[in-house]
Amino acid sequence: MFGLMQDWPLLCHRIIDHAATQHAARPVISRSVEGPIHSTTYAEVRTRALKLAQRLDRDGIKPGDRVATMAWNTWRHLEAWYGILGIGAIYHTVNPRLFPDQIAWIVNHAEDRVMMTDLTFLPLLESLADRLPTIERYVVLTDAAHMPATPLKNAVPYEEWIAETDGDFAWKQFDENTAAGMCYTSGTTGNPKGVLYSHRSNVLHAFMASLPDSKGISSRDVVLPVVPLFHANCWSLAFSTPLTGAAMIMPGAKLDGPSVYELMDRYKVTFTAGVPPVWMMLLDHMEKNGLKLPHLKRIVIGGSASPRAMTQTFQDKYGVEVIHAWGMTEMSPLGSLCSMKPEYASLSGDARLDVQVKQGHPPFGVEMKITDDNGKRLPWDGKTFGRLKVRGPAVARRYFKDDTEILDDEGFFDTGDVATMDPQGYMQVTDRSKDVIKSGGEWISSIDLENLAVAHPKVAEAAVIGVQHSKWGERPLLIVVLKKGQTAAKDEILGFMQGKIAKWWLPDDVAFVDEIPHTATGKIQKTALRDRFKDYRLPSAAA
Ligand code: ADP
């Protein structure tokens with residue numbers, strides 16, 4: 001027997017409808033790419049998104065077509081998302097920080113028909129355009145006055161393009177499982193993979209993201225998404241902010257410390273989210289100038305592990321609650337957030353920080369398990385680590401144009417992370433599964449060793465990789481970049497680590513290098529390191 005409740009498909013554009021009805025005048029303030037601050041409201045964002053939808057429809061964009069955006073966080077980019085998905089087409093966010101070859105590959109794989117972009121990226125796109133044959137038109141997110149001459153195909157300024165419609169248009173209606181958005185993983189190994197979000201997954205994920213133990217935002221909040229719309233579905237902020245009716249402050253192209261600080265201070269931002277390097281710049285600016293942010297209540301830090309010292313500084317010095325978060329493109333992207341359950345709520349000082357370095361617990365809608373290589377579940381004791389697998393309505397089940405089965409027989413997706421789960425259900429990432437060092441059947445966390453090595457005062461950056469070993473299979477090699485002007489012997493670094501980790505975790509050797517290679521998204525490129533050191537002979541290896 002079915003229930004007798006209404007069939008109300010979970011469509012993303014219902015979110016902007018709600019915001020425009022219930023929070024019509026709530027401000028959406030942006031630092032425009034052209035320079036000045038721009039102010040609008042949810043009601044106006046919806047009106048203009050409808051015009052954009054009408055224009056795409058008139059231009060022959062059909063349900064299921066991909067429309068690329070390569071743009072900063074501004075009101076126009078937000079309008080583009082809702083306008084595109086509101087006719088059943090798919091917003092495809094392209095990360096401008098990827099290497100040009102990757103961008104070309106992604107746009108071709110997605111077969112994007114339109115590219116909506118900011119002035120900033122015109123030179124990049126002009127240099128790539130002859131390799132992007134599927135793009136029929138470039139829409140530049142600006143007005144006629146700021147539109148430069150460009151050879152890009154059918155290039156038009158956004159404002160004039162949408163002005164050619166009368167706005168007499170209604171959203172299209174369709175099944176909630178219809179695709180809404182698309183984002184490629186950066187593909188640290190192999191080609192990037194397209195993750196295809198549905199309306200239903202985005203709406204459910206926005207609910208999960210807004211819960212009090214998740215981001216906990218409300219209509220009384222002022223939200224500044226530092227995380228770009230092109231990074232992993234903007235951590236849901238393009239949906240959860242209007243869903244809750246919070247005001248939205250968009251930083252545009254300027255993510256440096258002074259610019260972000262200026263917006264936070266001026267618009268009394270209460271909530272923000274982004275990756276550690278941005279917060280490093282903000283903290284640096286605040287420390288140097290003796291500044292405070294009395295209105296800022298909560299900050300979500302994720303994308304990579306939030307350094308303990310950063311969490312501590314925000315909390316102790318500035319009175320801002322840090323919520324460490326973990327997720328990935330395939331999870332829409334939120335997987336866990338480190339808010340305090342009652343079991344931990346009374347902790348303070350170091351004991352509290354010990355919990356906050358964990359990536360946290362999943363909201364309703366994300367199930368987790370950790371397993372060994374054979375898929376056997378491992379205990380939640382906070383010590384045993386295994387492959388972290390997840391299941392839920394906002395987790396990918398397939399990649400775009402790829403038939404490969406990516407779920408196990410219980411329907412779980414292997415995140416590629418290695419983690420512990422503690423008895424309270426808190427997850428802590430200990431490594432990426434391809435980076436973990438398998439020594440004599442046991443696993444050694446490369447991240448733990450790296451964190452320990454960089455705590456040495458002479459070490460600027462460290463990476464640990466597994467190197468072939470005749471007896472143990474693999475043993476850890478520590479690769480170190482020393483701080484400018486410093487010299488150190490291997491034993492000095494190893495001596496520092498000794499006693500702080502299990503004896504058999506101690507790296508077998510240290511290699512000093514001038515530079516450690518990074519991916520376009522700033523992660524250590526271990527594949528390149530493994531390649532460089534593939535013939536490395538450890539002193540401990542049997543002759
Ligand atoms: P990509 O895989 O394309 O680089 P994602 O944004 O999807 O981009 O990256 C997801 C990965 O980032 C996770 O699988 C995890 O390894 C890492 N990550 C994300 N958040 C954290 C965090 N808080 N702590 C440690 N690692 C994290």
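**Ligand environment, pockets and local backbone features**

In this predicted model, the ligand is surrounded by 16 residues, of which Ser186, Ala325, Thr329, Asp417 and Arg432 are the closest. When the residues of this shell are sorted by class, nine are polar, four are nonpolar and three are charged. The largest share of the shell comes from strand β14, which spans residues 321–327 and contributes four residues.

Polar contacts to nitrogen atoms of the ligand are found both from the backbone and from a side chain. On the backbone side, a polar atom of serine 304 lies 3.5 Å from a nitrogen atom of the ligand, and a polar backbone atom of alanine 305 is placed 3.1 Å from a ligand nitrogen. On the side-chain side, histidine 324 brings a polar atom to 3.0 Å from a nitrogen atom of the ligand. Taken alone, the ligand would expose 570 Å², and 90% of that area is buried by the protein. Such a figure follows a common convention, in which the size of an interface is often expressed as the accessible area that is lost when the parts come together.

At the level of the whole chain, the protein is divided into domain 1, made up of residues 13–28 and 39–204, and domain 2, made up of residues 436–541. The centres of domain 1 and domain 2, taken over C-alpha atoms, are separated by 43 Å.

Empty space was examined next, given that rolling a probe the size of a water molecule over the atoms shows where such space is left. The second largest pocket encloses about 490 Å³, and among the 24 residues that line this pocket, Leu196, Ser198, Val395, Ala396 and Arg397 are the closest to its centre. Strand β9 (194–198) and helix α7 (199–210) each supply at least two residues of the lining of the second largest pocket, with β9 giving the most, namely five residues. By class, the lining of this second largest pocket consists of 11 nonpolar, seven polar and six charged residues.

Besides the pocket, the structure holds one cavity of 30 Å³ or more, and the volume of the largest cavity is about 40 Å³. The lining of the largest cavity is formed by Met264, Asp265, Lys268 and Val269, together with Leu293, Pro294, His295 and Leu296. In terms of class, five of these lining residues are nonpolar, one is polar and two are charged.

Two local features of the backbone were also noted. The peptide bond that leads from serine 332 to proline 333 is cis, with an omega near 15°, and proline 333 is located in the loop between β14 and β15 (334–337); strand β14 is also the element that provides the largest share of the shell around the ligand. Elsewhere in the chain, glutamate 111 adopts a positive phi of about 55° although it is not a glycine, and glutamate 111 is found in the loop that lies between helix α4 (100–110) and strand β5 (114–117).

How values were computed:
Residues numbered from 1 in each chain as written. Predicted model: local features only at pLDDT ≥ 70, side-chain atom pairs only at ≥ 80, totals over all residues. Heavy atoms only, no water. Near = heavy atom within 4 Å. Polar contact = N/O pair within 3.5 Å; in protein donor to acceptor, adjacent residues only side chain to side chain. Areas by Shrake-Rupley, 256 points an atom, 1.4 Å probe, with all protein chains shown as cover. Nonpolar A, V, L, I, M, F, W, Y, C, P; charged D, E, K, R; others polar. Domains from an automatic or database assignment. 1 Å grid on protein atoms, 1.4 Å probe; cavity = no way out; pocket = protein on both sides within 12 Å on 5 of 7 lines; lining within 4 Å. Points joined across faces, edges and corners; volume = space filled by probe spheres on them.
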